[in-house]
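Biologist: Got a minute to walk me through this one? I'd like to learn how to read it.

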Amino acid sequence: GLHTITLTGNSSNGCSTIVKAMVDAFALPVFNNTPDTTTCRGQQFTLRASGAARYAWTPAATLNCDTCANTIANPINNTSYILTGTSAQGCVKKDTIDILVKQPFTIQYTQPDKLCAGKNKQLTASGAHQYQWWPANGLSNPLIANPVAQPDSTTTYRVVGTDDKGCFKDTGFVKLTVYPIPKVEAGTDKTITVGMPVDLDAVITTDVTEVNWTPTSGIFRNSFTGFTAKPDQNTEYTVEVKNKGGCSARDRITVFVTCNGTNVFVPNLFSPNDDGVNDVFYPRGVGLFKIKSMRIFNRWGEPVFEKSSFNANDPGSGWDGRYKGSKLNTDVFVYNIELICNNNSVLALNGNISLVR
């Protein structure tokens, strides 16, 4: 406003004088301008100002007019516009308007994957503020960045990411290939005699690409779906199958191994005449681990041969028809044999053997 300024001067001898002047102080311009704001890249908007006589905007590169009260701005990046306003009396005031420019973006998302029927997969997306997945079927929540998907069949999910101002979007696609669970049947349990082979063959569905049996000990013939083995002990076999999606299924079968004498041959006649044919009496067969003992008696119960702990199928360990170094005459003798089979069971055999000269 208008003010009167009074100056009083005093001399050393007590004289004084007064001088008066009028001063007019002009107010700074009062701005009414655009507030700080956010815009989308490539989107024009108007900067507005009032309250001054003249205006100057900087930087001017993205403005259509840098001296207008209202100017159209098209900033590429975040920009701080400085507004300089001058009143009619030449008083100057400055203000700053900050413009945040939203930029296009690219989202990152889960790569294509495969899963087995009934299983789930967590999908992920990042780089945006909001997300929407489609189709929503099989998703735990289609409006979050990381929903859990459990599709019934092969599905391609589309994810759309949006920034917080709705300026830009980006889209991605995630294909989940769903494979069925394969089926396998190992068959019913089997019983074999020790030393005998057993064929195991699994029944599988057509999508199976891999078949694995365990354990593998005793296997001597393989095919894609089965094998032949000679187990010595009761053995449980497990078959696991997989398809090209990595989906698996299992089944089990038990092979029971018995030692009941059908795997053993004990002759009822031998002729120890040194002709190289049937000269020795000894037990033989398959699946035999050891002869625990073999004793032979004459018709009066007198032992004429006795031996223990020797290998089966070994004629060198059998009886050559001698007693105390002398050849015995044609007669019928009684044998008592204890066998240890490969499954560690003990088998006792009793019978008659005819010695023929």
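Modeller: We'll go through some strands, a few backbone oddities, the salt bridges and one lysine. Keep in mind that this is a predicted model.

Biologist: Fine. Start with strand E5. Which residues are on its covered face, and which on its uncovered one?

Modeller: E5 covers residues 54-58. Tyr55 and Trp57 make up the covered face. Arg54, Ala56 and Thr58 sit on the uncovered face.

Biologist: How many bridges join E5 to strand E7?

Modeller: Five. E7 spans residues 79-86, and the two strands run antiparallel.

Biologist: Back to Tyr55. What is its bridge partner in E7?

Modeller: Gly85. So Tyr55 belongs to the covered face of E5, and it is bridged to Gly85 in E7.

Biologist: Let's move to the open sheet of five strands. What is the strand order?

Modeller: The order is E27-E34-E33-E29-E30. The pairing is mixed.

Biologist: And which are the edge strands?

Modeller: E27, residues 269-270, and E30, residues 303-310. Each of them pairs on one side only.

Biologist: How do E29 and E30 run, parallel or antiparallel?

Modeller: Antiparallel, with six bridges joining them. E29 takes in residues 288-297. One example is Phe297, whose bridge partner in E30 is Pro303.

Biologist: New topic. Where is the cis peptide bond before Pro135?

Modeller: Between Trp134 and Pro135, with omega about 0°. Pro135 is in the loop between strand E13 (130-134) and strand E14 (148-149).

Biologist: What about the peptide bond from Thr214 to Pro215, cis or trans?

Modeller: Cis. Omega is near -5° there. Pro215 lies in a loop as well, between strand E21 (208-214) and strand E22 (219-222).

Biologist: Now phi. What is the value for Asp274?

Modeller: Phi of Asp274 is about 60°. That is positive, although Asp274 is not a glycine.

Biologist: Where does Asp274 sit?

Modeller: In the loop between E27 and strand E28 (284-285).

Biologist: Is it buried or exposed?

Modeller: Exposed, because its relative accessibility is 59% and the cut-off for exposed is over 50%.

Biologist: And Asn344, what is its phi?

Modeller: Near 70°. Asn344 is a residue other than glycine with a positive phi. It is placed in the loop between strand E33 (331-341) and strand E34 (346-355). Its relative accessible area is 57%, so Asn344 counts as exposed.

Biologist: On to charges. How many salt bridges are there?

Modeller: Eight. One of them pairs the side chains of Glu240 and Arg250, at 3.6 Å from N to O.

Biologist: Which parts does that pair tie together?

Modeller: Glu240 is in strand E24 (residues 235-243) and Arg250 is in strand E25 (residues 248-258), so the pair ties together parts that are 10 residues apart in sequence. Arg250 is exposed, at 55% relative accessibility.

Biologist: You mentioned Asp274 earlier. What does it form a salt bridge with?

Modeller: With Lys327. Their closest N and O atoms are 3.5 Å apart. The pair links distant parts of the chain, 53 residues apart. Asp274 is in its loop between E27 and E28, while Lys327 is in strand E32 (residues 326-327).

Biologist: How exposed is Lys327?

Modeller: Partly exposed, at 44% relative accessibility.

Biologist: What about Arg299? How far apart are the closest N and O atoms in its salt bridge with Asp331?

Modeller: They are 2.5 Å apart. Arg299 is in the loop between E29 and E30, and Asp331 is in strand E33. The two are 32 residues apart, so this pair links distant parts of the chain too. Arg299 is exposed, with a relative accessible area of 53%.

Biologist: Last stop, Lys307. Which strand is it in?

Modeller: E30, one of the edge strands we talked about. Lys307 is partly exposed, with a relative accessible area of 31%.

Biologist: Which residues does Lys307 touch?

Modeller: Leaving out residues up to four places away in sequence, Lys307 touches Ser293, Met294, Gly316 and Ser317.

Biologist: How far apart are Lys307 and Ser293?

Modeller: They are 14 residues apart in sequence. In space they are 5.7 Å apart, C-alpha to C-alpha.

Terms used
Residues numbered from 1 in each chain as written. Predicted model: local features only at pLDDT ≥ 70, side-chain atom pairs only at ≥ 80, totals over all residues. Heavy atoms only, no water. Buried < 20%, exposed > 50% of the residue type's maximum accessible area, 1.4 Å probe, protein only. Helix = DSSP H or I, 4+ residues; strand = E, 2+ residues; numbered from the N terminus. Pairing = 2+ DSSP bridges. Salt bridge = Lys/Arg side-chain N within 4 Å of Asp/Glu carboxyl O. Contact = heavy atoms within 4.5 Å.
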